Amino acid sequence: MNETADSTRSSLEWKEPQAAEPRYEPRYELWAGEDLLATLSFGSPCRTLGTVETQEGRWTFQQAGFLRPSILVREEESDLDLAVFRPGLLGHGRLRFTSGVVFQWRHEGLGSATWSFRGDGGEVLVALQLHPDGEEGPGPHRVQAEVEVTPAGHFSPRVPLLAALGWYLILLHRQEEEPVTDGPIESV
């Protein structure tokens, strides 16, 4: 990580590096221009446990529960929850830190590729705009999402964590939407 990089810059991008060979453990990088700000990696392709590293620290995101699902946010190698995310309807949800601070997660509507974390007053702090695979064309990276830190977000020390958790939630959402097949579908 770049120690001098600033995660409160207004324009950031989550990218998936193109690997020389297939990877079984997906990895994503958060960039501000030429500065690497964060990584999000998964221990398996199913993406239920993610590890985030920024210059501020290392955290894990763990999907838990079946009837009442949640995402547990912990400092790496800790069994204590730092925060718990509870999904709601229509892509919304609530992130509650043990300190009592609460952030709202919102999907901006049907057909929209934008999600955001909002503060107590409803102000957008961090917004993520998803790009379909390959939209940005060839190159060493495929842009997966643009991250905008709003002026209100510049004052939150949790911006790096919110940007990473937002990307994790979008990846989970996309994974749930992908059709599951046991092999090629053949026509009769």
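Visitor: Why is E76 called partly exposed?

Guide: This is a predicted model, and in it E76 has a relative accessible area of 28%. Buried would require under 20% and exposed over 50%, so at 28% E76 counts as partly exposed. R58, with a relative accessible area of 35%, is partly exposed by the same rule.

Visitor: How do you know that the side chains of R58 and E76 meet in a salt bridge?

Guide: The nitrogen and oxygen of this pair are 2.4 Å apart. The cut-off is 4 Å between a side-chain nitrogen of Lys or Arg and a carboxyl oxygen of Asp or Glu, so R58 and E76 form a salt bridge. R58 belongs to strand 5 (residues 57-64), while E76 sits in the loop between strand 6 (70-75) and strand 7 (81-87), so the salt bridge ties together parts that are 18 residues apart in sequence.

Visitor: What makes E53, R58 and E76 one network?

Guide: Salt bridges that share partners join these three residues. By the same distance rule, the model holds six salt bridges.

Visitor: What makes E29 and R27 a salt bridge, and is each of the two buried or partly exposed?

Guide: Their N to O distance is 3.1 Å, and the limit is 4 Å, so the pair qualifies. E29 has 9% relative accessibility, which is under 20%, so E29 is buried. R27 has 30%, which lies between 20% and 50%, so R27 is partly exposed.

Visitor: How do you know that K15 counts as buried when its side chain takes part in a salt bridge?

Guide: The two labels rest on separate tests. K15 has a relative accessible area of 14%, under the 20% limit, so K15 is buried. The distance from K15 to E13, N to O, is 3.5 Å, within 4 Å, so the pair is also a salt bridge. E13, at 24%, is partly exposed.

Visitor: What makes strand 1 and strand 2 a pair?

Guide: Three bridges link them in the antiparallel sense. At least two are needed, so the strands pair. One of the positions involved is W14, whose bridge partner in strand 2 is L30. Strand 1 (residues 11-17) is mostly covered, with five of its seven residues buried.

Visitor: Why is strand 3 said to be mostly covered, and which strands pair with strand 3?

Guide: Of the eight residues in strand 3 (residues 35-42), seven are buried. Strand 2 (residues 27-32) runs antiparallel to strand 3 and is joined to it by six bridges. E29, the buried partner of R27, stands opposite T39 in strand 3. Strand 4 (residues 49-54) also pairs with strand 3 in the antiparallel sense, over five bridges. There S41 stands opposite T51.

Visitor: Which residue in the hairpin of strand 2 and strand 3 takes a positive phi?

Guide: G33 does, with phi near 65°. The hairpin has two residues between its strands.

Visitor: Which members of the largest nonpolar core touch the most other members?

Guide: They are W14, L40, F61, L95, L165, W167 and Y168, out of 41 residues in the core. Helix 1 (residues 159-177) gives the largest share, 12 residues. Membership requires a buried residue of a nonpolar type joined to others through side-chain atoms within 4.5 Å. Leaving aside residues up to four places away in sequence, L95 touches residues including V73, F85, V101, F117, L162 and L165.

Visitor: What is the overall pattern of helices and strands along the sequence?

Guide: The pattern reads β-β-β-β-β-β-β-β-β-β-β-β-α, that is, 12 strands and one helix. Of the 188 residues, 41% are buried.

Visitor: How confident is the prediction, and where does the pLDDT fall below 50?

Guide: The mean pLDDT of the protein is 82, and 76% of its residues reach 70 or more. Over residues 134-139 the pLDDT is below 50, and this stretch has three contacts in the model beyond near neighbours in sequence. Residues 179-188 also stay under 50, with zero contacts beyond four places in sequence. Where pLDDT is low, the predicted coordinates should not be read in detail. Among the elements, strand 8 (residues 93-97) has the highest mean pLDDT, 97, and strand 12 (residues 141-149) the lowest, 80.

Note on methods
Residues numbered from 1 in each chain as written. Heavy atoms only, no water. pLDDT = per-residue confidence, 0-100. Helix = DSSP H or I, 4+ residues; strand = E, 2+ residues; numbered from the N terminus. Contact = heavy atoms within 4.5 Å. Buried < 20%, exposed > 50% of the residue type's maximum accessible area, 1.4 Å probe, protein only.
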